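Q: I would like to learn how to read strands, sheets and helices in a model. Can we go through them one at a time?

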Amino acid sequence: MHEFSIAQAIAEIIEEKSKEYPGKNLTRIHLRIGRYRAIVKDSLEFGLGVVLENTPAASAAIEIDFVPIAVSCASCGAEEDLEEPFLICPKCGGLDVTVIRGKELEIDLLEFS
């Protein structure tokens with residue numbers, strides 16, 4: 001379950017950022033995660049719940065936006081979102097594609113109050 005190690009890394013970033021807001025609680029966490037990362041939302045939320053327990057972020061709302069996978073095809077020049085996680089150009093069926101979106105793993109917002 002790689003989601004737990006990701007949750008731990010997010011918690012470390014939150015801990016560092018929280019030092020800039022002493023006495024404040026983290027109320028909202030917003031993440032952007034690319035589908036290419038194959039992260040299971042429930043597993044990540046569970047992992048965050050465990051690692052953030054007994055911290056000022058324990059009751060923070062967790063919001064996750066998933067970014068679709070998009071590829072650029074060297075054969076036909078198309079840039080397309082993929083419906084399935086197969087790295088095949090949906091226009092020409094070519095295999096010479098580069099992932100241009102969908103690898104994100106970002107903390108988009110930390111809201112303190």
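A: We start with a term for packing: contact means heavy atoms within 4.5 Å. The model here is predicted. As a case of contact, helix 2 lies across strand 1 and strand 2. Helix 2 runs at about 145° to strand 2.

Q: Which strands make up the sheet of order 2-1-6, and what is its pairing?

A: Strands of a sheet pair through backbone hydrogen bonds, either parallel or antiparallel. In this structure, strands 2, 1 and 6 form an open sheet of three strands in that order, and its pairing is mixed. Strand 2 and strand 6 are the edge strands, each pairing on one side only. Neighbouring strands of this sheet are turned by 15° against each other on average, direction ignored.

Q: How many bridges join strand 1 to strand 2, and do the two run parallel or antiparallel?

A: Strand 1 (residues 26-34) and strand 2 (residues 61-67) run parallel and are joined by seven bridges. To follow the pairing along strand 2, begin with Glu-63, the bridge partner of His-30. Asp-65 in strand 2 stands opposite Arg-32, and Val-67 in strand 2 stands opposite Gly-34.

Q: Through which helix does the chain cross from strand 1 to strand 2?

A: The chain passes through helix 2 (residues 41-52) on the way from strand 1 to strand 2. This β-α-β crossover is right-handed.

Q: What joins strand 1 to strand 6?

A: Strand 6 (residues 105-112) runs antiparallel to strand 1, and seven bridges join the two. One bridge partner to look up is Glu-111 in strand 6, which pairs with Arg-28.

Q: What is the order of the other open sheet, the one with antiparallel pairing?

A: The order is 4-3-5, again in an open sheet of three strands. Strand 4 (79-81) and strand 5 (97-101) each have a single partner strand and stand at the edges, so one side of each is left without a neighbour in the sheet. From one strand to the next, the twist averages 35°.

Q: How many bridges pair strand 3 with strand 5, and how many join strand 3 to strand 4?

A: Strand 3 (residues 70-73) pairs with strand 5 over four bridges, in the antiparallel sense. Val-99 in strand 5 is the bridge partner of Val-71. Strand 3 and strand 4 also run antiparallel, with three bridges between them. Ser-72 is a useful residue to find: Glu-79 stands opposite it in strand 4, and Thr-98 stands opposite it in strand 5.

Q: How many residues lie between strand 3 and strand 4 in their hairpin?

A: The hairpin has five residues between the two strands. Gly-77 in the turn has a positive phi of about 85°.

Q: Which residues other than glycine have a positive phi, and where are they found?

A: Most residues other than glycine have a negative phi, and most peptide bonds are trans. Ala-38 has a positive phi of about 55° although it is not a glycine, and Ala-38 is found in the loop between strand 1 and helix 2. Asn-54, also not a glycine, has a positive phi of about 65°. Asn-54 is found in the loop between helix 2 and strand 2.

Q: At what angle do the axes of helix 1 and helix 2 cross?

A: Two packed helices are described by the angle between their axes and the distance between the axes. The axes of helix 1 (residues 2-18) and helix 2 cross at roughly 45° and come within 8 Å. That angle makes helix 1 oblique to helix 2. The crossing of helix 1 and helix 2 is right-handed.

Q: Which residues meet where helix 1 and helix 2 are in contact?

A: On the helix 1 side, the residues include Phe-4, Ile-6, Ile-10 and Ile-14. On the helix 2 side, Leu-44, Leu-48 and Val-51 are among them. The residues of this contact divide into eleven nonpolar, three polar and one charged.

Technical notes: Residues are numbered from 1 along each chain as its sequence is written. This is a predicted model: local features need pLDDT of at least 70, side-chain atom pairs count only at pLDDT 80 or more; totals for chains, interfaces and linings use all residues. Side-chain values use heavy atoms; hydrogens and water are left out. Two strands pair if DSSP finds at least two bridges between them. Axes are lines fitted to C-alpha atoms, for helices over the stretch in contact, and angles run from 0 to 180 degrees between N-to-C directions. A crossover is right-handed if, with the strands pointing away from the viewer, the path from the first strand over the helix to the second runs clockwise. Angles under 35 degrees count as roughly parallel, over 145 as roughly antiparallel, 65 to 115 as roughly perpendicular and the rest as oblique. A crossing is left-handed if the near helix is turned anticlockwise from the far one by less than a right angle, and right-handed if clockwise. Ala, Val, Leu, Ile, Met, Phe, Trp, Tyr, Cys and Pro count as nonpolar, Asp, Glu, Lys and Arg as charged, and the others, Gly among them, as polar.
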